[in-house]
Amino acid sequence: MTSGTGGDRWEFVEFEDSPDRDPRLPQPEMEGLVPGAPRAAHDLTHVHAGAHLRVVEVVGGEGTGPGEFGRPVGLHVDLRGNLYVADADQRSVRRITPEGEVWTCACSSADSRVDVEQPWDVAVDRDGMIYILDRGGRVQKMNADGGYQHTFGMPGSHLGQLRYPQGLALDSRRNVYVADTWNHRVSVFHPRGRLQSVWRGAEVGGFERPRGVAVTRHDEVIVCDTLNHRLVVHNVLGAVLEVIEGYRSGAWRFRLPVSVDEDPFSNLWIIEGQGGKLSKVDRNGQLLTSFGPDLGGNLGTLESPSSVGVCLDGDLYVSDQGARRILKLGYRD
């Protein structure tokens with residue numbers, strides 16, 4: 001689903017970035033791929049030497065119709081390539097299939113148990129269960145049809161409570177990790193809502209307003225320690241594995257990280273909370289590429305990017321809440 005305004009044609013701009021090539025991965029063929037089917041991690045047909053990163057699709061725009069947004073904040077890409085977008089202003093989560101079909105999960109309904117004040121982030125497990133983070137201080141679990149399942153957390157600062165949380169992620173066992181931003185911690189919940197643990201970053205001097213959290217394919221949990229300008233990588237038990245600093249050797253690699261996701265080559269894509277930038281670093285913290293806010297052509301700028309999600313095939317989505325749209329970027333000839 002690609003849209004512009006006033007009948008404009010988007011100029012899909014190419015950026016100076018080429019993917020790494022993992023020599024362990026075979027070159028798959030396109031034949032036999034089923035649209036919407038889960039893709040293997042090695043299905044990186046268009047990711048090869050000579051490919052360049054470019055905007056390949058613009059999803060949405062300001063409005064209240066199907067596929068339009070009021071304030072798209074958090075996003076998630078599931079194993080089938082479906083895009084889920086948390087729209088804070090329209091109190092809804094939209095699912096957009098690779099074929100462009102749009103389904104809306106309303107965050108308020110006749111069911112009195114369904115009540116999300118401000119959907120801020122979203123994650124989906126392998127069974128299609130939808131976890132919606134309410135910035136008001138709750139997580140609501142829905143089934144794939146939008147039916148109510150469970151609510152956990154409540155506003156506050158005590159254990160099991162959340163204070164203006166802004167990030168949500170799931171591991172392979174469906175444990176729920178919440179960036180509890182104003183409590184300066186990460187709260188870890190069982191899929192049924194029981195609090196399991198609280199991480200405060202004590203090993204690294206404490207978290208300062210963590211705004212994003214992500215889980216890698218190896219079940220490493222990456223916390224965007226926003227005001228400390230760094231990423232802190234944990235195992236699922238909460239032990240710190242590594243710290244990736246935004247400032248090192250006298251130079252900035254990234255500032256104020258608010259969202260992060262891993263690509264198929266283990267690099268990390270980071271949304272910076274100031275300046276409208278999307279940056280890519282390797283696991284050693286080396287800056288590989290950075291672009292924004294100017295996108296060139298009719299695409300304008302990244303006005304206020306807030307979330308990034310990487311597909312299994314290496315493409316990525318970026319939510320731009322300021323422009324009320326989602327950008328899809330990919331490596332193409």
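D180 lies in strand β12, which spans residues 176-180. In this predicted model, D180 is buried, with a relative accessible area of 0%. The briefing below covers the surroundings of D180 and G167, two antiparallel sheets of 4 strands each, and the cysteines.

**D180 and its contacts**
- Beyond its sequence neighbours up to four places away, D180 touches Q161, L162, R163 and P165.
- On the other side of D180 in sequence, the contacts are R185, V186 and S187.
- D180 counts as buried because its relative accessible area of 0% falls under the 20% limit.

**G167 and its contacts**
- G167 is placed in strand β11, residues 167-170.
- G167 has 1% relative accessibility and therefore counts as buried, the limit being under 20%.
- The C-alpha atoms of G167 and V178 are 5.6 Å apart, while 11 residues separate the two in sequence.
- Besides V178, the residues touched by G167 include Y177 and A179, with residues up to four places away in sequence not counted.
- The contacts of G167 also include D121 and L133, as well as R211, G212 and V213.

**Sheet β7-β8-β9-β10**
- Four strands form an open sheet in the order β7-β8-β9-β10, and their pairing is antiparallel.
- At the edges of this sheet are β7 (119-124) and β10 (148-152), each of which pairs on one side only.
- From one strand to the next, the twist averages 20°.
- Strands β8 (residues 130-134) and β9 (residues 138-142) run antiparallel and are joined by 5 bridges.
- L133, one of the residues that G167 touches, has V139 in β9 as its bridge partner.

**Sheet β15-β16-β17-β18**
- A further open sheet of 4 strands has the order β15-β16-β17-β18, again with antiparallel pairing.
- Its edge strands are β15 and β18 (240-245), and each pairs on one side only.
- Neighbouring strands in this sheet are turned against each other by 20° on average, with direction ignored.
- Strand β15 covers residues 212-215; G212 and A214 point one way from it, V213 and V215 point the other way, and all are buried.
- Both G212 and V213 of β15 are among the residues in contact with G167.
- β15 is joined to strand β16 (residues 221-225) by 4 bridges, and the two run antiparallel.
- Within that pairing, A214 has I222 in β16 as its bridge partner.
- The hairpin formed by β15 and β16 has 5 residues between the strands, and D219 in the turn has a positive phi of about 60°.
- β16 is also joined to strand β17 (residues 230-234), by 5 bridges and in antiparallel orientation.
- In β17, V232 is the bridge partner of V223.

**Cysteines**
- C224 is buried, its relative accessible area being 0%.
- C311 has 10% relative accessibility and so counts as buried, given that the limit is under 20%.
- The count of disulfides comes to 0, where a disulfide would require a pair of cysteine sulfur atoms within 2.5 Å.

Notes
Residues are numbered from 1 along each chain as its sequence is written. This is a predicted model: local features need pLDDT of at least 70, side-chain atom pairs count only at pLDDT 80 or more; totals for chains, interfaces and linings use all residues. Side-chain values use heavy atoms; hydrogens and water are left out. Buried means under 20% relative accessible area, exposed over 50%, partly exposed in between (1.4 Å probe, protein chains only). Contact means heavy atoms within 4.5 Å. Two strands pair if DSSP finds at least two bridges between them. Axes are lines fitted to C-alpha atoms, for helices over the stretch in contact, and angles run from 0 to 180 degrees between N-to-C directions.
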